[in-house]
Amino acid sequence: MTRDKTMTPDEAVARLRSGMTIGIGGWGSRRKPMALVRALLRSEIGDLTVISYGGPDVGLLAAAGRIRRLVAPFVTLDSLPLEPHFRAAREQGRIAMTEYDEAMFMWGLHAAANRLPFLPVRAGLGSDVMRVNPGLRTVTSPYEDGEEFVAVPALRMDAALVHVNRADRAGNGQYLGPDPYFDDLFCEAADTAYVSCERLVDAFPADTVPQTLLISRHSVTGVVETPNGAHFTSCVPDHDRDEPFQKLYATTPWPEFAARFLSGRTEDDYQAAVRAWHAEREEDRK
């Protein structure tokens, strides 16, 4: 009999500690585990190293002063090219950063998922990636070709946070959108992994396409049901990105945004505040 791993966002975050290395799945402003990020903001946890294909997850944590170092290839809101709160934190020198090429980042995840210290990759050679990351090393192929590669270090994590469309109580996770991103690698590269989902299911239908079952229970520590939990990022087909709200987030001073939307005690408080804002916006448009 499989173990029931369900928990609340705050119960998942209660297992984390300051100073940890935390991986956050998704890509830019797409399918981010935002309910778990908001639970982090309700805690006192900080001094984090965050590993992410960055989006508003990074922006929220950077604005709140929770990140010590970021490891990322980019930080974007997709429809807005550069995440504004991340940009402010970097310009003000409030966070350190390790910046990799996207392919280097992916192979760092693969190395960690496979418990290897590094993996060789061509990406980065002859570029400023090597200059801005003086700790990177190269390796030479032991075979006749003698080719040189960048030795990308494994991106090991204490914990990973990811979001999918569906999950069961044992920790198997299913994505229903067009892209799996690298959420499975995040889970396998971490000592613990917490999967939030739009909807919890007792069992997956018999006609489920096996390839959509992205995340296996063996790599999952906890499962969190959070309807609309990726908001304001997209989680298609369940919901698109909330572009009006994302624009509000990007253009509102952080203290004002945090006071209105992030000062509640639960995720339900956040969702209620978002609904109230949309209702006010619709009323103003009449």
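Good morning. A helix, as the word is used in this talk, is a DSSP run of at least four residues, and helices are numbered from the N terminus. With that term in place, I turn to the structure itself, which is a predicted model.

I begin with its cavity. How many cavities of 30 Å³ or more does the count give? The count comes to one. The largest cavity has a volume of about 60 Å³. Two elements give two or more residues each to the lining of this largest cavity, namely helix 2 (34–42) and helix 10 (267–285). Which helix gives the most to the lining? That is helix 2, with three residues. Among the lining residues are Arg38, Leu41 and Arg42, and also Asp269 and Tyr270. Phe261, Leu262, Ser263, Gly264 and Thr266 line the cavity as well. Sorted by class, the lining holds four nonpolar, three polar and three charged residues.

Arg38 leads us to my next subject, Gly229, since Arg38 is among the residues in contact with Gly229. Where is Gly229 found? It sits in the loop between strand 11 (222–225) and helix 8 (243–251). Is Gly229 buried or exposed? Its relative accessibility is 0%, and therefore Gly229 counts as buried. Neighbours within four places in sequence aside, Gly229 also touches Lys32, Pro33, Met34 and Ala35, together with His163, Glu198 and Gln271. As for Glu83, 146 residues separate it from Gly229 along the chain, and the C-alpha atoms of the two are 20 Å apart.

Glu198 was one of those contacts of Gly229, and its number falls within strand 10, which covers residues 190–201. Why is strand 10 described as largely enclosed by the rest of the structure? The reason is that nine of its twelve residues are buried. Strand 10 pairs in the parallel sense with strand 8 (residues 157–168), over ten bridges. In that pairing, Arg166 stands opposite Arg199 of strand 10. Strand 10 also pairs with strand 11, again in the parallel sense, over four bridges. Here Val195 is opposite Val223 in strand 11.

As general background, strands of a sheet pair through backbone hydrogen bonds, either parallel or antiparallel.

The antiparallel case appears in an open sheet of three strands, whose order is 5-7-6. Strand 5 and strand 6 stand at the edges with a single partner strand each, so one side of each has no neighbour in the sheet. On average, neighbouring strands of this sheet are turned by 40 degrees against each other, direction ignored.

Let us take the two pairings in turn. Strand 5 (residues 118–121) and strand 7 (residues 148–153) are antiparallel and share four bridges. Within this pairing, Leu119 stands opposite Val152, while Val121 has Val150 as its bridge partner. Strand 6 (residues 137–140) is likewise joined to strand 7 by four bridges, and these two strands run antiparallel. Val139 stands opposite Phe149 of strand 7. Helix 5 (residues 102–113) lies across strand 5 and strand 7, and runs at about 145 degrees to strand 5.

I close with helix 3 (residues 56–63). How many of its eight residues are buried? The number is eight of eight. Among them are Pro56, Asp57, Val58 and Gly59. After helix 3 comes Gly65, whose phi is positive, near 75 degrees.

Thank you for your attention.

Conventions. Residues are numbered from 1 along each chain as its sequence is written. This is a predicted model: local features need pLDDT of at least 70, side-chain atom pairs count only at pLDDT 80 or more; totals for chains, interfaces and linings use all residues. Side-chain values use heavy atoms; hydrogens and water are left out. Two strands pair if DSSP finds at least two bridges between them. Buried means under 20% relative accessible area, exposed over 50%, partly exposed in between (1.4 Å probe, protein chains only). Axes are lines fitted to C-alpha atoms, for helices over the stretch in contact, and angles run from 0 to 180 degrees between N-to-C directions. Contact means heavy atoms within 4.5 Å. On a 1 Å grid over the protein atoms alone, a cavity is a set of points where a 1.4 Å probe fits but cannot get out, and a pocket is an open set with protein on both sides within 12 Å along at least five of seven lines; lining residues have an atom within 4 Å of a point. Grid points are joined across faces, edges and corners, and a volume is the space filled by probe spheres set on the points. Ala, Val, Leu, Ile, Met, Phe, Trp, Tyr, Cys and Pro count as nonpolar, Asp, Glu, Lys and Arg as charged, and the others, Gly among them, as polar.
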